[in-house]
Amino acid sequence: MLRQNETGVLPGSEVYFNSISATAQRLLYFVNCCGHYFCEQGYQIRREYMDSLLIIMIEKGALEMTYDGKTYTATESDILLLDGSRPQYYMTKKYVDFYWLHVAGQNCFELCEHLTHLHGGILHHPQADPKPEAAIRQLVTQYSTRQTIDEAEQSMLIYNVLCGLICASQSAFALGPPDMTGIVQQTVHFIHAHLRENLSVKRLAARVQVSDTHLIRLFRAELNVSPHEYVVQIRINRARYLLKNTDLPIHVISNEVGYQVETSFTAAFTRRVGLSPRKFRNLPLG
């Protein structure tokens with residue numbers, strides 16, 4: 001199926017939309033939509049929010065991208081993983097041929113969060129590990145050849161892509177800060193695993209047996225934020241996912257992300273996102 005109304009999208013391009021069962025939405029990974037695009041100068045996407053991850057694999061040419069405050073170029077054979085809930089912009093100055101998928105479900109946002117904070121982003125060369133590339137091709141081919149979609153098989157293929165990117169992330173070239181030292185890495189893992197708990201700088205520093213000031217210095221050097229700011233980022237990102245993907249009451253989400261008082265959560269969320277949790281939940285996607 002060709003999208004006729006997108007500037008710069010050439011004939012022969014295809015986009016496919018998926019019908020997702022309630023079971024898949026609740027238990028599995030799934031494709032919202034996907035495609036294979038051939039684009040020329042003039043193609044550009046500027047998006048503020050999308051309720052899925054975006055996976056792009058470049059076949060030929062290049063995409064210039066701005067994401068999470070960084071600008072870079074994805075070229076032939078690169079695979080890019082982006083959290084669609086964050087603002088993003090990409091375009092081509094010449095010609096580009098690429099596969100793309102919008103995927104969601106399970107803990108895919110948490111996996112993406114883990115990768116982008118550990119390695120500054122994922123821009124992966126399939127030569128290091130061909131499994132993600134093969135799975136991406138198979139996922140799109142299922143639609144282009146009109147195969148019957150087995151939701152469990154599709155979930156496994158998406159899982160293979162995400163896990164392949166995790167395994168290969170050490171060989172990915174960073175879009176942000178270099179790999180973290182052991183102290184920062186241990187602290188980040190602890191934060192993700194204990195998001196509901198007290199995550200004061202004092203407790204985090206004691207956990208890795210350094211002083212408060214030394215931990216703050218390490219975080220600022222490697223992640224460009226303080227430990228406290230990093231915790232807030234993770235909590236708000238997790239809250240955004242829960243608001244859009246569950247029916248949990250706001251006070252329950254507040255507790256899930258470590259705020260014992262709902263008004264404190266609302267204030268923190270509003271400062272960071274620009275909307276209250278309730279308004280954000282009701283915001284149309286697109």
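**Cysteines and the pairing of strand β7**

The sulfur of C112 lies 8.2 Å from the closest cysteine sulfur, that of C108, which is too far for a bond. In this predicted model, the converse also applies, since the cysteine sulfur closest to that of C108 belongs to C112, again at 8.2 Å and too far for a bond. Because a disulfide requires two cysteine sulfur atoms within 2.5 Å, the separation of 8.2 Å between C108 and C112 does not qualify, and the structure accordingly holds zero disulfides. Both cysteines are nevertheless buried, C108 with a relative accessibility of 0% and C112 with a relative accessible area of 1%.

Strand β7, which comprises residues 88-91, pairs in the antiparallel sense with strand β3 (residues 44-47) over four bridges. Within this pairing, Q44 has M91 of β7 as its bridge partner. Strand β7 is also paired in the antiparallel sense with strand β4, which spans residues 53-67, and this pairing likewise involves four bridges. On this side, M65 is the residue that stands opposite Y90 in β7.

The side chains of β7 are divided between two directions, with Q88 and Y90 pointing one way and Y89 and M91 pointing the other way. In a regular strand, side chains alternate between the two faces of the sheet. Irrespective of the direction in which they point, Q88, Y89, Y90 and M91 are all buried.

Technical notes:
Residues numbered from 1 in each chain as written. Predicted model: local features only at pLDDT ≥ 70, side-chain atom pairs only at ≥ 80, totals over all residues. Heavy atoms only, no water. Buried < 20%, exposed > 50% of the residue type's maximum accessible area, 1.4 Å probe, protein only. Pairing = 2+ DSSP bridges.
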